[in-house]
Amino acid sequence: SSGINAEYGQLSKKIPVIRFAYNRGNNKYSYTEKSDNTLLCNIELFDKLSSQHHHRLCFIRDLSGRNEICCWTFYGDGRMLSEISCTSIMYATERKQTKIEFPEAKILEETLNCTLYQTSETQDSSVEGGSAFPKHYEDNAPM
């Protein structure tokens with residue numbers, strides 16, 4: 001929603017932000033056979049990126065239960081840069097199903113693009129080994 005984008009947009013004026021929102025329980029339809037594995041792949045990639053790049057980017061794991069089943073959002077320079085939704089509806093002959101995808105190359109590309117929005121202050125702290133923000137932040141606040 002626009003309030004969330006404004007909040008993370010403000011934070012991204014200081015340091016680029018990557019927000020990963022997921023909520024497996026937020027679904028009207030059953031999941032495809034491979035959806036559990038691909039959701040785990042998304043979670044593992046978030047954990048890997050946050051551990052490797054916490055000194056340059058702020059990582060937010062959003063488990064608040066909003067509308068997203070699996071979604072990556074990238075912020076920099078005070079605004080939302082891009083969003084990658086990993087879910088789609090599959091129209092099978094007998095019923096609709098939710099498919100979760102793992103667009104790893106696109107996620108890595110957008111993460112790299114996010115680093116272009118580092119401020120010189122953030123770059124200085126990463127060189128010194130410090131961190132402008134915690135390793136990653138979990139947003140569990142109910143809406």
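**Cysteines, Thr-73 and Asn-23 in the predicted chain**

Cys-71 counts as buried, at 4% relative accessibility. The model is predicted. In it, the closest cysteine sulfur to that of Cys-71 belongs to Cys-86. The two sulfur atoms are 7.0 Å apart, which is too far for a bond. A disulfide requires a pair of cysteine sulfur atoms within 2.5 Å. The 7.0 Å separation therefore rules out a bond from Cys-71 to Cys-86. The structure as a whole holds zero disulfides. Cys-114 is likewise buried. Its relative accessible area is 0%.

The chain contains four helices and eight strands. Read from the N terminus, the order of elements is α-β-β-α-β-β-β-β-β-α-α-β. The opening helix is thus followed by two strands and a further helix. A run of five strands comes next. Two helices and a strand complete the order.

Of the 143 residues in the chain, 40% are buried. The exposed surface of the chain comes to about 8,000 Å². Carbon and sulfur atoms supply 50% of that area. Among contacts with a separation of 6 or more, 75% join residues 24 or more positions apart.

Thr-73 belongs to strand E4, which spans residues 70-76. This threonine is buried, with a relative accessible area of 0%. Its side chain makes a polar contact with the side chain of Glu-83, at 3.4 Å. Neighbours within four places in sequence are left aside in the contact list of Thr-73. That list includes Val-17, Ile-18 and Arg-19. Met-80 and Ser-82 are also in contact with Thr-73. Glu-83, the polar partner of the Thr-73 side chain, appears in the list as well.

Asn-23 is placed in a loop. The loop runs between strand E1 (17-22) and strand E2 (30-31). Val-17, Ile-18 and Arg-19, which are in contact with Thr-73, fall within the 17-22 range of strand E1. The side chain of Asn-23 reaches the backbone nitrogen of Gly-25. The distance for this pair is 3.2 Å. Asn-23 can also be paired with Asn-67, 44 residues away along the chain. The C-alpha atoms of Asn-23 and Asn-67 are separated by 8.1 Å.

Definitions and conventions: Residues numbered from 1 in each chain as written. Predicted model: local features only at pLDDT ≥ 70, side-chain atom pairs only at ≥ 80, totals over all residues. Heavy atoms only, no water. Polar contact = N/O pair within 3.5 Å; in protein donor to acceptor, adjacent residues only side chain to side chain. Buried < 20%, exposed > 50% of the residue type's maximum accessible area, 1.4 Å probe, protein only. Contact = heavy atoms within 4.5 Å. Areas by Shrake-Rupley, 256 points an atom, 1.4 Å probe, with all protein chains shown as cover.
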